[in-house]
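Me: Could you take me slowly through one buried spot in this protein and then follow its surroundings outward? I would like one connected account, with the cut-offs explained as you go.

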Amino acid sequence: MKFEAAMPLQSGGSIRDYSLAFETYGALNADRSNAVLICHALNASHHVAGVYAGQDKSEGWWDNMIGPGKPVDTDRFFVIGVNNLGSCFGSTGPRDMNPDTGRVYGADFPVVTVEDWVSAQARLLDALGINQLAAVMGGSLGGMQALSWTLQFPDRVRHAVVIASAPNLTAENIAFNEVARRAIVTDPDFHAGHFYEHGVLPKRGLRIARMVGHITYLSDDVMNEKFGRTLKAPTLPASRGSRPPRGLTRLGAARRRAARSATTCTPRRTWNSRSRATCATRATSSASTSTPTPTC
């Protein structure tokens, strides 16, 4: 949907002649009271459910939640998915034409915030003739938008479903994001944000930024599973006549060290007159299989 009137932004600027891509599912009832707005996360789009005819792997990102007989039942609700400003999935973004210059926006695209996205969504609802939402839903960055709806337009929302989200980022989140941004802007193909004019994309920086982002998405359990200290068995087949590697864990290595020696030595660190570390040892019983503990 095209919007010609300028929309004020939180940065103090504005944007005009912009478009919002959106999809709807189900039917709006007579009194227009059954609308549910779905807010997407950072890398998603307005295609929240269903598939596109003739397109493989085109299933909506929340298809398990939205549809006939599903938790968000489209036989009851009129579901709206909106693509946010600045995205690359249909709504106006940096790769589109700047009406003020006649050139691709690139780095000149205005800074947009969660509040700006919600304001744009409210304008879309006005155009659709929907005064109040039955619910607004979202996870992660989408959850931030749902929260912002309750603050910016509390009279226009009956329910808010906020999943895996927060009202703001922590200082650690901001630090990770800055590292991700630096990875992108220092890519030689970034060209100060005007890479579209050069026909390239900062793919290397984007890959690193995505890796940094994924670290922040992992729980402690998943982090230990992916990056824990326990070594994994090799996936390559062993050569003929060779034996599989032994002692793939720290515990196995400690037990083998204890079994190889009749005594174990516990390093005791002392300091000589030249302040150089020396090590004195003492014999201990080999009956214990626990790893020796250094004493300094």
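Reply: Let's start at H40, which counts as buried because its relative accessibility is 3% (buried means under 20% relative accessible area, exposed over 50%, and partly exposed in between, using a 1.4 Å probe and protein chains only). A word on the basis: this is a predicted model, in which local features need pLDDT of at least 70 and side-chain atom pairs count only at pLDDT 80 or more, while totals for chains, interfaces and linings use all residues. Residues are numbered from 1 along each chain as its sequence is written, and side-chain values use heavy atoms, with hydrogens and water left out.

H40 sits in the loop that runs between β6 (35-39) and β7 (66-67); helices (H or I, at least four residues) and strands (E, at least two) are DSSP runs numbered from the N terminus. Setting aside residues up to four places away in sequence, H40 touches S45, H46, W61, V82, N83, N84, L141, G142 and Q145, where contact means heavy atoms within 4.5 Å. With one of these, N83, the H40 side chain forms a side-chain polar contact of 3.4 Å (a pair of N or O atoms within 3.5 Å; within protein, one must be able to donate a hydrogen and the other to accept it, and residues adjacent in sequence count only if both atoms are side-chain atoms).

The same loop as H40 also holds K57: its place, too, is between β6 and β7. K57 is exposed, since its relative accessible area is 89%. Its phi is positive, about 55°, although K57 is not a glycine. For background, most residues other than glycine have a negative phi.

Now follow the H40 contact list to N84, which lies in the loop between β9 and α1. N84 is buried as well, because its relative accessible area is 4%. Beyond its neighbours within four places in sequence, N84 is in contact with H40, S91, W117, Q121 and Q145. The side chains of N84 and Q145 are joined by a polar contact of 3.4 Å. Q145 is thus a handy stepping stone, as it is also listed among the residues touched by H40.

Another residue to look at is F109, in the loop between β9 (78-82) and α1 (114-128). F109 is buried, because its relative accessible area is 11%. Leaving out neighbours within four places in sequence, the contacts of F109 are I15, L85, G86, T92, G93 and P94. F109 and R95 are 14 residues apart along the chain, and their C-alpha atoms are separated by 8.8 Å.

W117, Q121 and Q145 lead us to a pair of helices. The axes of α1 and helix α2 (residues 141-152) come within 9 Å and cross at roughly 70°; axes are lines fitted to C-alpha atoms, for helices over the stretch in contact, and angles run from 0 to 180 degrees between N-to-C directions. That angle makes α1 roughly perpendicular to α2 (angles under 35 degrees count as roughly parallel, over 145 as roughly antiparallel, 65 to 115 as roughly perpendicular and the rest as oblique). From α1, the contact uses V114, E115, W117, V118, S119, Q121, A122 and L125, and from α2 it uses L141, M144, Q145, S148, W149 and Q152. By class, this contact has 8 nonpolar, 5 polar and 1 charged residues; Ala, Val, Leu, Ile, Met, Phe, Trp, Tyr, Cys and Pro count as nonpolar, Asp, Glu, Lys and Arg as charged, and the others, Gly among them, as polar.

Our last stop is R123, also placed in helix α1. R123 counts as partly exposed because its relative accessibility is 26%. Not counting residues up to four places away in sequence, R123 touches F3, A5, A6, M7, P8 and Y18. R123 and L20 are 103 residues apart in sequence, and 10.0 Å apart in space from C-alpha to C-alpha.

To set all this in its wider frame, the protein has 6 helices and 15 strands, and 31% of its 296 residues are buried. Among contacts between residues at least 6 apart in sequence, 57% join residues at least 24 apart.
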